[in-house]
Amino acid sequence: MTLMSVFWILIPLFIGILFIGLYRNLLVKLGAILGASGRFIPFQSVDAAALGRAYADEVVLQKRIRLRGRLPWTRHMLISWGFSVLFGFDILTALFTKYLPLEPFRSGNSGWLFLKFGLNLSGMVLLIGLLIALVRGAAAGGSDEAKFSDRPGTIFLLLVVVTGFVAQGMHFANLPPDPYRAWALLGHWLGEAIRPGAPYIGSYSFFWITHALAASAFLAYLGWSRMIHVFAAPLGRIFYSQAALREAKVRTVMEGLLKPRAEKS
Amino acid sequence: MPAALRRFAWWSFFVTEIGLVAAASAYVGVGTRDFWLVAAAAAVAFIAYAVAVRTTPAPTLGDTTSVQQRWYWF
């Protein structure tokens with residue numbers, strides 16, 4: 001059995017763990033809120049302008065985090081956009097190099113260089129954001145700001161990113177030099193830096209499988225940790241952009257408060 | 001939990017797991033020993049998910065919006 005087979009066998013389990021976490025820690029809570037807010041609002045009653053504004057302000061620009069300061073906002077933007085774009089490029093890479101292998105996406109061609117550029121640039125953005133988070137988390141220990149820190153999540157994601165760059169650097173170092181590969185940015189720079197020690201056969205396999213397993217395990221971890229805010233926060237912000245839902249929730253809570261309490265026996 | 005949300009929970013799970021098994025089959029082949037191991041992993045995930053859905057208690061609105069959780073939720 002190859003390492004790739006082991007990876008594919010583990011993936012449905014990791015994703016299952018993610019779904020269980022999302023169900024237990026997000027969907028049942030969403031159900032309770034929907035219960036308090038009445039029901040789903042009819043589609044024709046959705047305030048599309050308010051929804052669009054909430055998406056732009058809360059998800060795209062993250063203005064609420066900007067209120068906490070420039071550094072927390074910069075760090076959060078780097079991590080969230082770095083992660084999202086990297087995930088998108090990962091999907092595109094799998095699609096165009098493995099499942100629908102097209103000529104432009106073969107190793108060294110323009111499409112392949114574009115994918116490598118996108119993967120490495122977004123990975124570097126994410127790496128910078130994570131390093132800022134780690135340093136800032138250590139500096140903010142004990143302060144009010146520390147409640148927003150997620151050191152285990154930061155270290156976990158850092159492990160995924162660093163092993164990815166090291167594996168890629170080793171892979172490039174194992175190949176003959178190619179100037180076009182400079183589009184791979186940090187992966188290329190790392191590969192050139194470690195080229196004198198090439199070839200990396202066993203260590204490349206080790207870093208590659210560690211990266212693949214850590215990335216999959218991180219997806220499972222999302223549903224069970226503070227990282228669930230990746231799903232919960234945008235949902236919550238968009239949810240309460242709708243006046244009908246806000247008013248329904250206030251009405252239900254007020255009705256509950258006005259109900260006479262049942263006598264204890 | 002509203003029926004629409006429950007349906008979403010199940011459909012999103014099924015579509016993702018079936019998609020993963022289909023994607024894996026491109027690597028390990030169809031009907032091979034590794035294919036059946038991937039399918040078994042998906043089946044285990046299904047059983048665990050079904051147990052979670054059946055046994056997870058519904059929280060109150062107070063639990064959902066408690067101060068400890070509010071920072072990442074709303």
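Here are some exercises with worked solutions on this two-chain structure, which is a predicted model.

**Exercise 1. Work out which elements each chain is built from, and in what order.**

Start with chain A. Counting its elements gives 10 helices and zero strands. Reading from the N terminus, the order is α-α-α-α-α-α-α-α-α-α.

Now do chain B. You'll find four helices and zero strands there, running α-α-α-α from the N terminus.

Next, look at burial. Chain A has 265 residues, and 31% of them count as buried. Chain B has 74 residues, with 19% counting as buried.

Finish with the overall dimensions of chain A: along its principal axes, the C-alpha trace spans about 80 × 45 × 45 Å.

**Exercise 2. Find the largest nonpolar core and say which helices supply it.**

Step one is the core itself. It has 34 residues, and the ones with the most contacts inside it are A:Ile15, A:Leu18, A:Phe19, A:Tyr23, B:Ala24 and B:Val38. Notice that residues of chain A and of chain B both turn up in that list.

Step two is to trace the helices. From chain A, H1 (3–36), H8 (202–222) and H9 (229–239) each supply at least two residues, and so do H1 (3–28) and H2 (33–55) of chain B. H1(A) gives the most, with 16 residues.

Step three is to zoom in on one member. Skip the neighbours within four places in sequence, and A:Leu18 is in contact with A:Leu219, A:Ala220, A:Leu222 and A:Gly223.

Last, look elsewhere. Apart from this core lies another one, of 29 residues, including A:Leu119, A:Val160, A:Met170 and A:Phe172.

**Exercise 3. Describe the side of chain B that touches chain A.**

Count the contacts between the chains: 35 residues of chain B are in contact with 36 residues of chain A.

Then sort the chain B side by helix. H1, H2, H3 (61–64) and H4 (67–73) each supply at least two residues, and H1(B) gives the most, with 12 residues.

Now sort that side by class. It has 29 nonpolar, four polar and two charged residues.

**Exercise 4. Check the length of H1(B), then list its buried residues.**

At 1.5 Å a residue, the 26 residues of H1(B) should span 38 Å. The end C-alpha atoms are 37 Å apart, which agrees.

For the burial part, pick out B:Ala9, B:Phe13, B:Glu17, B:Leu20, B:Val21, B:Ala24 and B:Val28. An α-helix has 3.6 residues a turn, so residues three or four places apart point the same way.

Then step off the end of the helix. Just after H1(B), B:Gly29 takes a positive phi of about 85 degrees.

**Exercise 5. Decide where the buried residues of H7(A) sit around the axis, and what covers them.**

Begin by listing them: in H7 (residues 185–194) of chain A, the buried residues are A:Gly187, A:His188, A:Leu190 and A:Gly191. They cover an arc of only 165 degrees around the axis, so they are on the same side of H7(A). What covers them includes H5 (110–139) and H6 (151–174) of chain A.

**Exercise 6. Is A:Leu78 buried or exposed, and what is it in contact with?**

First place A:Leu78: it's in H4 (residues 70–99) of chain A. Next, count around it. A:Leu78 has 20 other C-beta atoms within 10 Å, so it is buried.

Now look for contacts beyond four places in sequence. You get A:Val125, A:Leu126, A:Ile128, A:Gly129 and A:Ile132. Take A:Leu126 from that list: A:Leu78 and A:Leu126 are 48 residues apart along the chain, yet their C-alpha atoms are separated by 5.7 Å.

To widen the view, take the contacts in chain A with a separation of 6 or more: residues 24 or more positions apart account for 74% of them.

**Exercise 7. Look into the backbone at A:Gln62, A:Leu185 and A:Pro199.**

A bit of background helps. Most residues other than glycine have a negative phi, and most peptide bonds are trans.

Take A:Gln62, in the loop between H2 (48–60) and H3 (63–66) of chain A. Its phi is near 50 degrees, a positive value in a residue other than glycine. With 19 C-beta neighbours inside 10 Å, A:Gln62 counts as partly exposed.

Move on to A:Leu185, in H7 of chain A. A:Leu185 isn't a glycine, but has a positive phi of about 45 degrees. It has 17 C-beta neighbours inside 10 Å, so it counts as partly exposed.

End with A:Pro199, in the loop between H7 and H8 of chain A. The peptide bond from A:Ala198 to A:Pro199 is cis, with omega near 5 degrees.

Methods
Residues are numbered from 1 along each chain as its sequence is written. Chains are lettered from A and ligands numbered from 1 in the order in which they are written. This is a predicted model: local features need pLDDT of at least 70, side-chain atom pairs count only at pLDDT 80 or more; totals for chains, interfaces and linings use all residues. A nonpolar core is a set of buried Ala, Val, Leu, Ile, Met, Phe, Trp, Tyr and Cys residues joined through C-beta atoms within 7 Å. A residue is buried if 20 or more other C-beta atoms lie within 10 Å of its own, exposed if 12 or fewer, and partly exposed in between; C-beta atoms are placed from the backbone. Two residues are in contact if their C-beta atoms, placed from the backbone, lie within 7 Å. Ala, Val, Leu, Ile, Met, Phe, Trp, Tyr, Cys and Pro count as nonpolar, Asp, Glu, Lys and Arg as charged, and the others, Gly among them, as polar. The arc is that of the directions from the helix axis to the C-beta atoms. The expected span of a helix is 1.5 Å times one less than its number of residues.
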